[in-house]
Amino acid sequence: MHRFKEYRDRLSLSQSQLKDLLNERLNRNYDRHTISRWENGKQPIPAEVATELELLINRDPRETTVISFANQKGGVGKTTSALNIAFALTRLNFRVLLIDADPQASATSALVGSDIVSLYRNKKTLDAALLKDEPITDIILPKDYELSDGRTLPFSLISSHIDLAEVDVRREPGTEGLLREAIAKI
Ligand SMILES: Nc1ncnc2c1ncn2[C@@H]1O[C@H](COP(=O)(O)OP(=O)(O)OP(=O)(O)O)[C@@H](O)[C@H]1O
Ligand SMILES: [Mg+2]
């Protein structure tokens, strides 16, 4: 018998959540009863589902990929791409931390709106971690990504603030590595 239930437990997903995830990844329309029948062995698991489960289980949670969106030119779609790719990866069950490293803070505005004021006051924006020795782990903000069907998926945000512009004008050696060093810890 396939270890379907064991796999589902390891992924900490309900039958309904696993159904949604598999449907999203495989572009299928399985219902929860099918999941149930796979789980209790009443129906054989399709090969593509078995393969997908193996992929989900074997993904090393410590393995992190950093994707940067950087371009000297303004208005070329950096923020738009970063936000949409962060959401797309979240939907595919990756754990995403979106870091807004632009002093303009457009991505931050899009996600937290006017909360930016209190985040800044409480030293929860990236400038605090890079310039004021605030631990990087303390500025990670848990966020919910809302799906059109009302479900929410969790992802994380590191907010920006205009004060981050100071990093750009600092000429001390090592300034260019501040962000890399800060995120190496997480
Ligand atoms: N693929 C796309 N197709 C059409 N319009 C787009 C696309 N991507 C982004 N845009 C639009 O282009 C404009 C600039 O996008 P965005 O703000 O993401 O760029 P940016 O590189 O982050 O800009 P900035 O340098 O100001 O930070 C926005 O109005 C956005 O809606
Ligand atoms: Mg931008």
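Which atom of Val76 lies 3.0 Å from an oxygen atom of ligand 1? The partner is a backbone N or O atom of Val76. Keep in mind that this is a predicted model. Here's a quick tour of the ligand site, a pocket and the overall build.

**Around ligand 1**

- The residues surrounding ligand 1 are Gly74, Gly75, Val76, Gly77, Lys78, Thr79, Thr80, Asp102 and Gln104.
- Sorted by class, that shell comes out as 6 polar residues, 2 charged ones and 1 nonpolar one.
- While Val76 uses its backbone, Thr79 brings in its side chain, with an N or O atom there sitting 2.8 Å from an oxygen atom of ligand 1.
- Gln104 also works through its side chain, where an N or O atom is 2.9 Å from an oxygen atom of ligand 1.
- On its own, ligand 1 has 630 Å² of accessible area, and the protein covers 45% of that.

**The second largest pocket**

- This pocket has a volume of about 190 Å³.
- You'll find Ala129, Leu130, Leu131, Asp133, Glu134, Pro135, Ile136, Leu178, Glu181, Ala182 and Lys185 lining the second largest pocket.
- Two helices, H8 (126-131) and H10 (178-184), each chip in at least two residues of that lining.
- Class by class, the lining holds 7 nonpolar residues and 4 charged ones, with no polar residues.

**Overall build**

- The chain's secondary structure adds up to 10 helices and 3 strands.
- Follow the sequence along and the order goes α-α-α-α-α-β-α-α-α-β-β-α-α.
- For 186 residues the globule rule gives 16 Å, but the radius of gyration of the chain is 20 Å, well over that, so the chain is more spread out than a compact globule.
- Along the principal axes, the C-alpha atoms of the chain fill a box of roughly 65 × 30 × 30 Å.

Key. Residues numbered from 1 in each chain as written. Chains lettered and ligands numbered in written order. Predicted model: local features only at pLDDT ≥ 70, side-chain atom pairs only at ≥ 80, totals over all residues. Heavy atoms only, no water. Near = heavy atom within 4 Å. Polar contact = N/O pair within 3.5 Å; in protein donor to acceptor, adjacent residues only side chain to side chain. Areas by Shrake-Rupley, 256 points an atom, 1.4 Å probe, with all protein chains shown as cover. Nonpolar A, V, L, I, M, F, W, Y, C, P; charged D, E, K, R; others polar. 1 Å grid on protein atoms, 1.4 Å probe; cavity = no way out; pocket = protein on both sides within 12 Å on 5 of 7 lines; lining within 4 Å. Points joined across faces, edges and corners; volume = space filled by probe spheres on them. Helix = DSSP H or I, 4+ residues; strand = E, 2+ residues; numbered from the N terminus. Rg over C-alpha atoms; globule rule 2.2 N^0.38 Å.
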